[in-house]
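Thanks for coming, everyone. Let me put the structure up, and then we'll walk through two parts of it.

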Amino acid sequence: MTAIVLDIEGTTSSTESVHVGLYAYARPRLGPYLDAHRDDPDVRAALAEIGAATTAETVKVLHGWMDGDVKATPLKTLQGRIWAEGFAAGELTAHFFPDVPPALRAWHAAGHGLAVFSSGSVASQRPWFANTAYGDLSVLIDHWFDTVSAGPKREPTSYARIADTLGDPAGPLFVSDVPAELDAAAAAGWRTAGVRRPGEPNAATSFGPHSVITTFEELEV
């Protein structure tokens, strides 16, 4: 059966729900979280990579990355930890386009392996899929990949690495709203489908040679 690998922002969920909802939740909590978890190995590693001397300077760097939508690993790690706590506390609920949950359930029931590849950390991906208005969707996902575990989303080697992990060297199907990511997947021998959702940042973007869908109901697996 085909392995289906999904992007999140603009694909399964609205970009605004992440860039406005989740970012707004994490922004004021970064400083307190850093001060409370400095002994955590992952937090120490993130702080070392940022290289700032104080919590205030570190937060300034992180806020700058958030404002510029920089896919920096330390930021993604810390955001993911904060969001996971928010979901666990019942303070956050993930947004999904209504066509997505029934499609995920149908593909899973048919025996297709499902995976997520997002620039957001795996620590944030799992609770995002687990805490939705449609129930726990994380139980439908077999594998989780981020830029730490797989590599940059616009590099073909990242998709080759994922294919090896999935045991599908012939090429899974990658679904994303970002043409450059689809190009990288295609270069690695994958099938691709671009998602053009009204109101999303890439709604008017050209997807070149990639097939295009507007809902998951149109996806030919």
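Start with the side chain of Trp190. It reaches the backbone oxygen of Tyr159, at 3.3 Å. Keep in mind that this is a predicted model.

Where does Trp190 sit in the chain? It is in the loop between α9, residues 179-187, and β5, residues 191-195.

Is Trp190 buried or exposed? Its relative accessibility is 6%. Buried means under 20%, so Trp190 counts as buried.

What is Trp190 in contact with, once neighbours within four places in sequence are set aside? Tyr159 is on the list, along with Ile162 and Ala163. Then come Gly171, Pro172, Leu173 and Phe174. Val5 and Ala185 complete the set.

One more distance here. Pro156 is 34 residues from Trp190 along the chain. Their C-alpha atoms are 9.7 Å apart.

Now the sheet. It is open, and six strands form it. Read the order across: β3-β2-β1-β4-β5-β6. The pairing is parallel. Which strands are at the edges? They are β3, residues 143-145, and β6, residues 211-213. Each of these pairs on one side only. On average, neighbouring strands are turned by 25 degrees against each other, ignoring direction.

Look at the β3 side. β2 covers residues 113-117, and it pairs with β3 over three bridges, in the parallel sense. Phe117 stands opposite Phe145 of β3.

Last, a helix. α7, residues 122-130, packs on the sheet and touches both β2 and β3. The direction of α7 makes about 135 degrees with that of β3.

Conventions:
Residues numbered from 1 in each chain as written. Predicted model: local features only at pLDDT ≥ 70, side-chain atom pairs only at ≥ 80, totals over all residues. Heavy atoms only, no water. Helix = DSSP H or I, 4+ residues; strand = E, 2+ residues; numbered from the N terminus. Buried < 20%, exposed > 50% of the residue type's maximum accessible area, 1.4 Å probe, protein only. Contact = heavy atoms within 4.5 Å. Polar contact = N/O pair within 3.5 Å; in protein donor to acceptor, adjacent residues only side chain to side chain. Pairing = 2+ DSSP bridges. Axes fitted to C-alpha atoms, helices over the stretch in contact; angles between N-to-C directions.
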